[in-house]
Amino acid sequence: MSSIPADLKYAQSHEWVRLQGDIATIGISDHAQHELTDIVFVELPAVGRRIQAGEPCAVVESVKTASDVYAPLGGEVIEVNPNVSGNPGLANTDPYGSGWFFKIKVTNLDEAGALLDADAYRRHLGQEG
Amino acid sequence: MLKRTPLHDLHRQLEARMVDFGGWEMPVQYTGIVQEHLAVRQSAGLFDISHMGEMLVSGPGATEFLNHALTNDIRKLAIGQGQYTLLCQEHGGVVDDLYVYRIDTDEFLMIVNASRIEADWDWLQIRVDHAPTRDGFRLRNASSEYGAVAVQGPAVAQFIDTAIEGGSMGCTLVPGASALKKNEIGAFVFQGASVYVARTGYTGEDGFEVVAPTAAIAPIWRALIEAGAPFGLKPAGLGARDTLRTEMGYPLYGHELTEATTPIEAGLAFFVALDKGDFVGRDVLLRQKAEGVSRRCVTFRMADKSPPPRPGYIVWSADPAAAPIGKVVSGTQSPSLGVGIGMAYVATAMAQPGTALAIEIRGRRFPAAIEKKPLYRRPAARP
């Protein structure tokens, strides 16, 4: 059973968001890392890049495939996690902690209303079966 | 509906992740590709390869028929020996790559790719129609009657005799399967069933493939798991099978080999016996060998940290006037080496080992270099 912390928001495409004021920290969910397995490369957006909600802005690669990571919210990238690009396995071992991907300064906090809470994300995983 | 192997229920119990592979529902991984890959390199892994096809050719005309249909020289095989070989079209395009074993004076067993069983069978029927001595042999597709497992890794020779007990009754005669030499096949009895054990594989490690009637496959799997567990044997999926073969530079049909590529272009001239007399495709392959080919399959390694190369990525020359020179056909992150590796078809002038390349990944070019295969070599044993 994958871990779904109650204090985070989730996108249907399996990213998580930790909102502190208008700063959003973003990573991929435990379910996503488990599905990908053996993450060997993480490509993060450039600091300063402006991204829109739903835009592919990072790539996570397992041994077998490359998958896009989508921005759950729009805004400007203000920080990326050099540890996860240096040691991509962190996204497997600590997806909600040291395996975070990037932070954005959110342009429109109303967009957060479209994200799933932990219960809704759990139901979403159940439906994906 | 996908086809299922005799081990389907066992894969489910192990919670394997199942994928569609050439129309078969196959385990791509059990616990993780890297872990399964390293188990094979360090101790042992067990693969379900029941999707692969088995074809039998028998009769006094069998040797002549197969020697004309296949590229390698089948007359070199004594009873109980096997060889890697290719089935080609007249223009040299590859129908399939396979292993053929001489299981008796006039009887051969071919192990073919799952995705090519029908194509091989159709092509062989055409060859039968063209054969001058078509009464002298019989061709049989026994793919639905047989399953197979591959047990691979440096520790396998220590427990194979515990799982498959006793000496062989036919083919190569040995007191136990561990006494088989590379490419030898023996006929053994396992719980009353007649099974073949061959010392071969697709991983670059020592190991065996066991071909048996479908009803015997699950008991063989369980016997191997039981015998191998103390040595670190783990079930391994097609994901690890693919990364292992890529590290060795072994071709996979549909990637390095297609009907639009020839064995000479693929770097498999060693398995084309141009001196054995006439065979299907010889004219074209002989000319390619003499005159050269415009592109070659090469193995390469990424120079620095980069995303893993993937099939379809464009290969560029590394000189200042960079030009596209080919395309990646296989690529992955090497679990043994920790870097991106792959195989590509490139212009022959650029196909020498040591040549610097650049692989285009999502619009950016990353440096790589052609390297002789295998990309992975077993570390020398410590004294």
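Reader: How many Å separate the centres of domain 1 of chain B and domain 2 of chain B?

Author: In this predicted model, chain B is divided into domain 1 (8–52 + 145–245), domain 2 (53–141) and domain 3 (294–374). Taken over C-alpha atoms, the distance between the centres of domain 1 of chain B and domain 2 of chain B is 24 Å.

Reader: What area is buried between domain 1 of chain B and domain 2 of chain B?

Author: The two domains meet through 17 residues of domain 1 of chain B and 18 residues of domain 2 of chain B. Carbon and sulfur atoms give 58% of the area buried between these domains, and that area is about 1500 Å².

Reader: Which residues of domain 1 of chain B lose the most area to domain 2 of chain B?

Author: The area buried between domain 1 of chain B and domain 2 of chain B is about 1500 Å². Three residues lead on the side of domain 1 of chain B, and together they account for 37% of what that side buries: M52(B), N183(B) and I185(B).

Reader: Which residues form a salt bridge with 2.8 Å between the closest N and O atoms?

Author: Between domain 1 of chain B and domain 2 of chain B, the count is one salt bridge, alongside six residue pairs in polar contact, both at pLDDT 80 or more. E145 lies within the bounds 145–245 of domain 1 of chain B, and R140 within 53–141 of domain 2 of chain B. The salt bridge with 2.8 Å between its closest N and O atoms is formed by E145(B) and R140(B).

Reader: Which element gives the most to the side of domain 1 of chain B that touches domain 2 of chain B?

Author: There are six residue pairs in polar contact between domain 1 of chain B and domain 2 of chain B. The elements giving two or more residues to the side of domain 1 of chain B are β9 (146–152) and β12 of chain B. With three residues, the element that gives the most to this side is β9(B).

Reader: Which residue forms a salt bridge with R378(B)?

Author: The closest N and O atoms of the pair are 2.5 Å apart, and the partner of R378(B) is E205(B). E205(B) lies in the loop between β12 (193–198) and β13 (207–213) of chain B, and R378(B) in the segment after β20 (364–371), so the pair ties together parts 173 residues apart in sequence. R378(B) is partly exposed at 44% relative accessible area. The partner, buried at 10% relative accessibility, is E205(B).

Reader: Is R199(B) buried or exposed?

Author: R199(B) forms a salt bridge with D206(B), with 2.7 Å between the closest N and O atoms. D206(B) counts as partly exposed, at 30% relative accessibility. The cut-off for burial is under 20% relative accessible area; R199(B), at 13%, is therefore buried.

Reader: Where do R245(B) and D242(B) lie?

Author: R245(B) and D242(B) form a salt bridge, the closest N and O atoms being 2.9 Å apart. R245(B) counts as buried, at 1% relative accessibility. The two residues are three apart in sequence and separated by about one helical turn, and they lie in helix α7 (residues 238–248) of chain B.

Reader: Why is α7(B) largely enclosed by the rest of the structure?

Author: The buried residues of α7(B) include L238(B), L244(B) and M248(B). Just after α7(B), G249(B) takes a positive phi of about 75°. The helix is largely enclosed because the number of buried residues in α7(B) is ten of the eleven.

Reader: What area do chain A and chain B bury between them?

Author: Contact between the chains involves 17 residues of chain A and 18 residues of chain B. Of the area that chain A and chain B bury, 49% is on carbon and sulfur atoms, and the total is about 1400 Å².

Reader: Which residues of chain A lose the most area to chain B?

Author: Chain A and chain B bury about 1400 Å² between them. Three residues together make up 41% of what the side of chain A buries: F41(A), V63(A) and K64(A).

Reader: How many salt bridges does the rule find across the interface of chain A and chain B?

Author: Over all chains, the count comes to 22 salt bridges. At the interface of chain A and chain B, the side chains of E61(A) and R310(B) meet in a salt bridge at 2.7 Å, N to O. The number of salt bridges found across this interface is three.

Definitions and conventions:
Residues numbered from 1 in each chain as written. Chains lettered and ligands numbered in written order. Predicted model: local features only at pLDDT ≥ 70, side-chain atom pairs only at ≥ 80, totals over all residues. Heavy atoms only, no water. Salt bridge = Lys/Arg side-chain N within 4 Å of Asp/Glu carboxyl O. Buried < 20%, exposed > 50% of the residue type's maximum accessible area, 1.4 Å probe, protein only. Helix = DSSP H or I, 4+ residues; strand = E, 2+ residues; numbered from the N terminus. Contact = heavy atoms within 4.5 Å. Buried area = accessible area lost by both parts, 1.4 Å probe. Domains from an automatic or database assignment. Polar contact = N/O pair within 3.5 Å; in protein donor to acceptor, adjacent residues only side chain to side chain.
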